[in-house]
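Please open the model in your viewer and keep the selection panel at hand. The tour goes from whole chains to single residues, and each stop says what to select and what is there.

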Amino acid sequence: MQTVRIKLHPLGKELSVARGSSLIDVLHEFGVEFPCGGKGDCGKCKVKILHGEIPLDKIHSSRLQELGLPGEWRLACMSHVDGDIVLEVGQYEAMIQADESLFSFEPGEGYGVAVDLGTTTLVAQLMDLSTAKVLAVETGLNPQRRWGSDLVSRLEAALTGSKEELTRVIREEIGGMLNRLVAGKEFSVNRVVIVGNSVMHHLFSGSDIRLLSFFPFESPDMGIKHFSAGELDWNIVCNNISFYPCIGSFVGSDILAGIHATGMWRRKEISVLVDLGTNGEIVAGNSDRLLCASTAAGPAFEGARISRGMLATTGAISTVEQVGADISCRVIGNVPAEGICGSGLIDAIAVLLDRGDLGDFGEILSGDPEVILARNVSLTARDIQEFQLAKAAIATGLDIILRKLGVHAEEVARVYIAGAFGNYINLEKMVRTGMMEFAPGHFRKLGNTALMGTKMFLFSGEDATDPILDLTRHVSLESEEDFQDIFVENLTFNRSSS
Amino acid sequence: MNPILLKLGEAVEFGKVDMNSPYPPQMKGQDGADELAGQALKNGVPASDVLTEALVPAMDRVGQKFSENKIFVPQMLMSAKAMSAAMKHLKPFFQSGDVKTKGTFIVGTVKGDLHDIGKNLVAMMVEGGGWNIVDLGVDVNEDQFSQAVSENPGAVVGLSALLTTTMANMEVIVNKIKETHPGTKILVGGAPLNDDFRIRIGADFYSPDPRGAVEYLKELVA
């Protein structure tokens with residue numbers, strides 16, 4: 001395999017990728033968002049070529065012209081790399097608010113770090129608080145994964161003697177990321193804001209997790225936690241480190257940040273936010289009231305429990321399409337397929353349904369034990385069932401929350417889709433699977449709303465979360481009397497055609 | 001065999017609840033388990049025959065297909081729903097003693113856990129196997145289980161848990177029942193369990209699917 005080198009400014013990152021790789025794949029891993037989903041419409045993923053070349057095709061040049069971008073600029077979503085290049089990432093120069101208006105910040109002083117502490121993935125960005133520019137990015141995987149991919153496995157490990165270890169490894173990992181972020185910088189960090197779900201909050205802080213482990217899954221210890229670098233055994237100098245407060249049950253400050261980023265809590269119209277991360281959170285409502293829940297739907301979308309499942313990284317099938325009589329797969333990084341990530345799984349199911357390969361209960365109609373997608377990658381009957389469980393969990397959560405709000409799906413003005421693989425998600429195909437039944441035009445793909453909101457938190461006081469916390473209530477989905485009936489109905493496909 | 005019973009068996013096997021239910025698509029507009037059970041009784045078929053010739057074999061076929069991975073939870077729940085629709089017609093005959101049950105099966109999801117789909121499936125399958133069911137619901141503690149055994153002497157108990165964190169509560173419940181009602185048979189099930197765990201907590205039987213529970217109970221009274 002031929003490789004080429006890419007250097008990213010202002011991050012100072014250097015990486016080598018397969019020749020012909022699409023830039024969407026490369027930059028996605030560094031937290032760059034693609035709001036229009038790679039159609040070349042929004043220009044938000046623009047990059048400036050400082051050295052080297054990215055050839056232009058007709059569509060690409062006309063898009064650049066429409067957007068008024070001069071010669072050295074390219075759209076990452078339409079670019080492939082054929083030779084060594086040095087790029088400046090436009091998105092790091094201006095912080096964009098999620099609901100498509102520019103985030104108008106009050107310039108602060110010094111430097112801050114926003115940390116999204118996910119169950120599976122970790123992202124930290126170093127910000128210049130006077131300009132709101134991103135100076136450096138670090139990503140990583142949560143080292144607690146070796147105790148299991150989902151929250152309940154982590155809780156179980158903590159209950160059975162590994163609690164201190166779980167706390168130690170995550171503090172150490174984030175401390176390492178912070179070290180790398182500030183390495184060689186001549187300043188110190190004034191403030192670190194961390195967000196994550198309630199279990200991450202409790203394990204990072206060393207709080208008692210017992211009450212989070214059993215029904216009704218409510219801990220008394222949900223508030224903001226403050227630390228100094230010394231208390232966490234971190235090598236940086238900073239006395240203002242905080243883990244933001246949880247909302248309720250498993251729903252934590254990552255969703256708080258998401259609500260903040262979307263601005264849904266300020267508007268009269270009804271919005272929905274679905275974070276397709278490990279914990280599968282759903283929020284719905286408006287400036288009067290927000291309801292939220294978590295659905296444990298995520299692991300299927302992040303590769304766990306799917307036989308050839310993997311995260312949205314090199315080698316993962318990210319999109320699946322019907323081309324003529326064949327199934328065609330796109331693989332991240334332009335390499336042979338090794339597995340399939342969440343967006344690929346959604347696409348595959350939609351394509352198989354359209355082909356008539358799957359029955360209403362998800363059964364493989366040919367009678368084969370699996371469906372082959374690409375050389376080395378198949379979906380088994382079990383995988384399809386795992387998908388059904390995940391999509392039914394999301395669909396049921398939405399049904400119950402909207403019902404509690406007294407709102408019909410047609411009355412929802414906007415549906416924000418967040419999550420690590422959100423950049424790749426095909427909305428029409430997702431709707432086809434029945435996971436969400438909103439008109440495709442109402443969706444906005446936002447990528448990592450937790451990180452976006454956390455960066456915004458860096459520009460205001462800790463009390464910025466108060467109005468959102470006051471508005472937002474957690475709903476225990478399984479306590480609903482007809483949960484099972486709704487869930488079972490959502491397990492099937494083709495509901496509308498029946 | 002009586003053609004109505006044959007049809008009833010099919011309605012249960014394929015999850016046709018009643019005439020209006022959309023599943024399965026190929027049976028659209030046909031009578032479902034609800035109507036067919038009513039018709040059978042009206043035509044003078046003994047209630048015990050409805051149970052043993054139609055419902056029990058149909059649920060057995062459902063259990064078989066489920067253990068062979070040929071059908072999945074939604075189909076099974078549809079079948080369970082269909083059976084429950086038929087059972088409504090039979091209930092009066094159970095109470096009058098015209099239909100003899102094999103025994104009483106007390107079932108519940110353990111303390112700290114709200115997941116009841118697996119528990120409901122097992123309850124339906126066991127009911128389809130000719131047992132009287134006492135369903136204690138979800139988040140059931142050791143005292144509630146023990147109390148239910150006192151009220152139903154000789155009953156067999158089934159414990160369900162989906163979360164690894166609530167599995168541990170099974171041990172507490174098993175200990176309590178064995179202490180207050182020695183000799184009571186206890187079955188355990190749920191996604192995170194296995195037979196090693198069953199042995200460790202001192203329960204009598206574990207099965208990865210509902211069918212195993214039905215088979216075990218069958219042997220228990222054989």
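How far apart do the C-alpha centres of domain 1 of chain A and domain 2 of chain A lie? Before answering, please keep in mind that this is a predicted model. Select residues 3-93 of chain A for domain 1 and residues 111-253 of chain A for domain 2, as the domain assignment gives them, and you will be looking at two parts whose C-alpha centres lie 31 Å apart.

**Chain A as a whole**

Now select the whole of chain A, whose C-alpha atoms fill a box of roughly 65 × 55 × 45 Å along the principal axes. A compact globule of 498 residues would have a radius of gyration near 23 Å, and the 22 Å of chain A agrees with this. If you colour chain A by secondary structure, the elements come to 12 helices and 22 strands. Of the 498 residues of chain A, 53% count as buried, and among the contacts in chain A between residues at least 6 apart in sequence, 69% join residues at least 24 apart.

**Where chain A touches chain B**

Show both chains next, and select the residues at which they meet: 20 residues of chain A are in contact with 20 residues of chain B. On the side of chain A that touches chain B, at least two residues each come from α3 (151-182), α8 (381-405) and α12 (483-491) of chain A, and α3(A) gives the most, with 5 residues. Coloured by type, the residues of this side of chain A divide into 9 nonpolar, 8 polar and 3 charged.

**A helix in chain B**

Select residues 210-221 of chain B, which form helix α9(B). At 1.5 Å a residue, the 12 residues of this helix should span 16 Å, and its end C-alpha atoms are 17 Å apart, which agrees. Which residues of α9(B) are buried? They are Pro210(B), Arg211(B), Ala213(B), Val214(B) and Leu217(B), and because they cover an arc of only 160° around the axis, they are on the same side of α9(B). To see what covers these buried residues, add the elements of chain B that include α3 (47-67), β1 (104-109), α5 (117-128), β3 (156-160) and β4 (186-189).

**Loops and single residues**

Move to the loop between α1 (3-14) and α2 (33-42) of chain B, where Gln30(B) has its place. Gln30(B) counts as partly exposed because it has 15 C-beta neighbours inside 10 Å, and, leaving aside its neighbours within four places in sequence, Gln30(B) is in contact with Lys16(B) and Met19(B). The loop between α1 and α2 of chain B also holds Pro24(B), and the peptide bond from Tyr23(B) to Pro24(B) is cis, with omega near -15°.

In chain A, select Pro216(A), which lies in the loop between α4 (198-205) and β10 (225-227); the peptide bond leading to Pro216(A) from Phe215(A) is cis, with omega near 0°. Most residues other than glycine have a negative phi, and most peptide bonds are trans.

For the last stop, compare two residues with positive phi. Asn334(A), in the loop between β16 (326-331) and β17 (339-340) of chain A, has a phi near 60°, whereas Asp139(B), in the loop between β2 (132-135) and α6 (142-151) of chain B, has a phi near 55°. Is Asp139(B) buried or exposed? Asp139(B) is buried, with 22 other C-beta atoms within 10 Å, while Asn334(A), with 18 C-beta neighbours inside 10 Å, counts as partly exposed.

Technical notes: Residues are numbered from 1 along each chain as its sequence is written. Chains are lettered from A and ligands numbered from 1 in the order in which they are written. This is a predicted model: local features need pLDDT of at least 70, side-chain atom pairs count only at pLDDT 80 or more; totals for chains, interfaces and linings use all residues. Domain bounds come from an automatic or database domain assignment. Two residues are in contact if their C-beta atoms, placed from the backbone, lie within 7 Å. Helices (H or I, at least four residues) and strands (E, at least two) are DSSP runs, numbered from the N terminus. Ala, Val, Leu, Ile, Met, Phe, Trp, Tyr, Cys and Pro count as nonpolar, Asp, Glu, Lys and Arg as charged, and the others, Gly among them, as polar. The expected span of a helix is 1.5 Å times one less than its number of residues. A residue is buried if 20 or more other C-beta atoms lie within 10 Å of its own, exposed if 12 or fewer, and partly exposed in between; C-beta atoms are placed from the backbone. The arc is that of the directions from the helix axis to the C-beta atoms. The radius of gyration is taken over C-alpha atoms; the globule rule is 2.2 Å times the number of residues to the power 0.38.
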